[in-house]
Amino acid sequence: MRMLIMGPPGAGKGTQAGAVAESFGVPAISTGDIFRANVSQATPLGIVAKKFLDAGEYAPDDVTNNMVRDRISEPDAAVGFVLDGYPRTEQQVKELDEMIAFTGGRLDVVVCLTVEQDELVTRLLGRAAVEGRTDDTEEVIRRRQEVYCAQTEPLLDIYRRRGQLVEVAGLGDVIEVTERILVAVTAALAS
Ligand code: ADP
């Protein structure tokens, strides 16, 4: 199973990627988590990425692409993966196509979680209070949303045209949303 979970900041990609990956027996790979782990350990990658993350901007494509290529070439991802937070730019879509072609596999499905704007802001501010992520301030949240709308939302059309996009409502209990995703993915794979 090679699957992407897309959607705006606050849509619940990370939570759902974990649950869905577990049910398919593949790793969930979150670029945001990998970046944050590197930032907190002050690795060379983390030092480069920190200023972009803190500002709500995307890290440079080459940095992100190399990071994902390394991660999906690890043995546990040979059976597949659920990618959360990648691709986010057109250049990353192209790179991912090449990475998957190189392994001789194919991308099975792209899930987009849809959630209303007001709910997104409420969720992110709630998370800020609990987790204290440095990019969950009101100003940076606004910037992340702008960057998403400008650079990532248009990518959905690419996958829609390829017939790989499945849109799933992200509102409701976590378990309910996971169920919805599993039903939608199963239907998409059968068609
Ligand atoms: P969000 O909840 O905003 O979707 P993530 O945890 O997925 O946040 O990502 C946090 C930050 O990590 C992003 O704002 C960005 O700076 C960086 N990042 C994550 N994925 C990518 C990517 N594919 N390309 C560039 N930057 C990325």
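In this predicted model, the ligand is found in the largest pocket. That pocket holds about 870 Å³ of space, and 38 residues line it. Those nearest the centre of the pocket are Gly10, Lys13, Arg127, Arg133 and Arg144. Several helices share in building the lining: helix H1 (13-24), H2, helix H6 (117-131), helix H7 (138-152) and helix H9 (174-190) are the elements that each supply two or more residues. Of these, H2 gives the most, with five residues. Sorted by character, the lining of the largest pocket comprises 11 nonpolar, 14 polar and 13 charged residues.

Moving inward, it helps to look at the shell around the ligand itself. Here 19 residues surround the ligand, and the closest are Thr31, Glu57, Gly85, Arg88 and Arg144. Helix H2 (residues 31-40) again stands out, as it gives the most to this shell, with four residues. The shell divides into six nonpolar, five polar and eight charged residues.

Some of the polar contacts to the ligand can be followed atom by atom. The side chain of arginine 88 places an N or O atom 2.7 Å from a nitrogen atom of the ligand. Glutamine 92 also faces a ligand nitrogen, with a polar side-chain atom at 2.9 Å. For arginine 127, the partner is an oxygen atom of the ligand, which lies 3.5 Å from a polar atom of the side chain. How much of the ligand does the protein bury? Taken alone, the ligand exposes 560 Å², and the protein buries 97% of that area.

Technical notes:
Residues numbered from 1 in each chain as written. Predicted model: local features only at pLDDT ≥ 70, side-chain atom pairs only at ≥ 80, totals over all residues. Heavy atoms only, no water. Near = heavy atom within 4 Å. Polar contact = N/O pair within 3.5 Å; in protein donor to acceptor, adjacent residues only side chain to side chain. Areas by Shrake-Rupley, 256 points an atom, 1.4 Å probe, with all protein chains shown as cover. 1 Å grid on protein atoms, 1.4 Å probe; cavity = no way out; pocket = protein on both sides within 12 Å on 5 of 7 lines; lining within 4 Å. Sits in = over half its atoms within 2 Å of the grid points. Nonpolar A, V, L, I, M, F, W, Y, C, P; charged D, E, K, R; others polar. Points joined across faces, edges and corners; volume = space filled by probe spheres on them.
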